[in-house]
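User: I am new to this structure. Please teach me how to read it, one feature at a time.

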Amino acid sequence: MTEHDLQKMVGNKNPFRVPEGYFDDLTQRIVSSAVNAERKEFGKTKFFTLKRIISVAACVLFFVVAISFLYNKMNVGDNMLSAQDMEIERYVGEMNEYAMFDNGDLYACIEDNND
């Protein structure tokens, strides 16, 4: 369908109309809707809403629990590491006693291997 065909069907007459009295009280309606919008926004505080407070509290609680869990896990890991170190130290000590090594012999052996 071309523009010429549409013009034949509709004609040169504008098919759109403005309702009667639309522009008579337009400014009053715009001003009243703006005032109502300001009142609604002023009545509701955007910063301290219940949803926001609960969200912040949940985040803080999550971080406290996560940090305490990680801290406890690190302490357990350190204790296990020190227990392993003590076991190795005990084993090396027993081996030194069995082989009748003292520190001087051990250092001499290490020096010989480095050369």
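User: Where do Glu 94 and Arg 90 lie, and how many residues apart are they?

Analyst: Start with the general idea. An α-helix has 3.6 residues a turn, so residues three or four places apart point the same way. Now the case here, in a predicted model. Glu 94 and Arg 90 both sit in helix α3, four residues apart. That spacing is about one turn of the helix. The two form a salt bridge, with their closest N and O atoms 2.6 Å apart.

User: Which residue does Glu 87 form a salt bridge with?

Analyst: Glu 87 bridges to Arg 90, and the closest N and O atoms are 2.6 Å apart. Both belong to helix α3, which runs over residues 50-99. Glu 87 and Arg 90 are three residues apart, so about one helical turn separates them. Put the pairs together: Glu 87, Arg 90 and Glu 94 are linked in a network of salt bridges.

User: Are the members of that network buried or exposed?

Analyst: Use the cut-offs: buried is under 20% relative accessible area, exposed is over 50%, and partly exposed is in between. Glu 87 has 43%, so it is partly exposed. Arg 90 is partly exposed as well, at 44%. Glu 94 is partly exposed at 42%.

User: How many salt bridges does a search of the whole structure find?

Analyst: The search finds three. Besides the network, Asp 25 and Arg 29 meet through their side chains, at 3.5 Å from N to O. Asp 25 is partly exposed, with a relative accessible area of 33%. Arg 29 is partly exposed too, at 37%.

User: What does Arg 29 lie over?

Analyst: Arg 29 lies over the face of Tyr 22, at 4.9 Å from the ring centre. So read Arg 29 twice: in a salt bridge with Asp 25, and over the ring of Tyr 22. Tyr 22 is partly exposed, with a relative accessible area of 35%.

User: How do I read aromatic pairs, and how many does the structure hold?

Analyst: A pair of aromatic rings is described by the distance of the centres and the angle of the planes. This structure holds two such pairs. Tyr 22 and Phe 23 make an edge-to-face pair, 5.2 Å from centre to centre, with 85° between the planes. Phe 23 counts as exposed, at 57% relative accessibility. The other pair is Phe 62 and Phe 63, with ring centres 5.6 Å apart. Their planes stand at 65°, so this pair is edge-to-face. Phe 62 is exposed, with a relative accessible area of 56%.

User: Why does α1 lie largely in the open?

Analyst: Count its buried residues. Of the eight residues of α1, the number buried is zero, so the helix lies largely in the open. Val 10 is found in this helix, which spans residues 3-10. At 49% relative accessibility, Val 10 counts as partly exposed. Just after α1 comes Gly 11, with a positive phi of about 90°.

User: Which residues make the nonpolar surface patch?

Analyst: Met 1, Leu 6, Met 9 and Val 10 make it. The patch covers about 470 Å².

User: Now the whole chain. How many helices and strands are there?

Analyst: There are four helices and zero strands. Along the sequence the pattern reads α-α-α-α. Of the 115 residues in the chain, 0% are buried. The accessible surface comes to about 11,500 Å². Carbon and sulfur atoms account for 63% of that surface.

User: Where is confidence lowest, and where is it highest?

Analyst: Read pLDDT as the predictor's confidence in each residue. Confidence is lowest in helix α2, residues 26-43, at a mean of 73. Confidence is highest in α3, at 81. The chain as a whole averages a pLDDT of 78. At least 70 is the score of 82% of the residues.

Notes
Residues are numbered from 1 along each chain as its sequence is written. This is a predicted model: local features need pLDDT of at least 70, side-chain atom pairs count only at pLDDT 80 or more; totals for chains, interfaces and linings use all residues. Side-chain values use heavy atoms; hydrogens and water are left out. Patches are made of residues with over 30% relative accessible area and no salt bridge: like charges are joined within 9 Å, nonpolar side chains (Val, Leu, Ile, Met, Phe, Trp, Tyr) within 5 Å. Accessible areas come from the Shrake-Rupley method with a 1.4 Å probe; for residues, only the protein chains shown count as cover. A salt bridge is a side-chain nitrogen of Lys or Arg within 4 Å of a carboxyl oxygen of Asp or Glu. Helices (H or I, at least four residues) and strands (E, at least two) are DSSP runs, numbered from the N terminus. Buried means under 20% relative accessible area, exposed over 50%, partly exposed in between (1.4 Å probe, protein chains only). Rings of Phe, Tyr and Trp (its six-membered ring) pair if their centres lie within 6.5 Å; planes under 30 degrees apart count as stacked, over 60 as edge-to-face and the rest as tilted. A charge sits over a ring if NZ of Lys or CZ of Arg is within 6 Å of the ring centre and within 35 degrees of the ring normal. pLDDT is the predictor's confidence in each residue, from 0 to 100.
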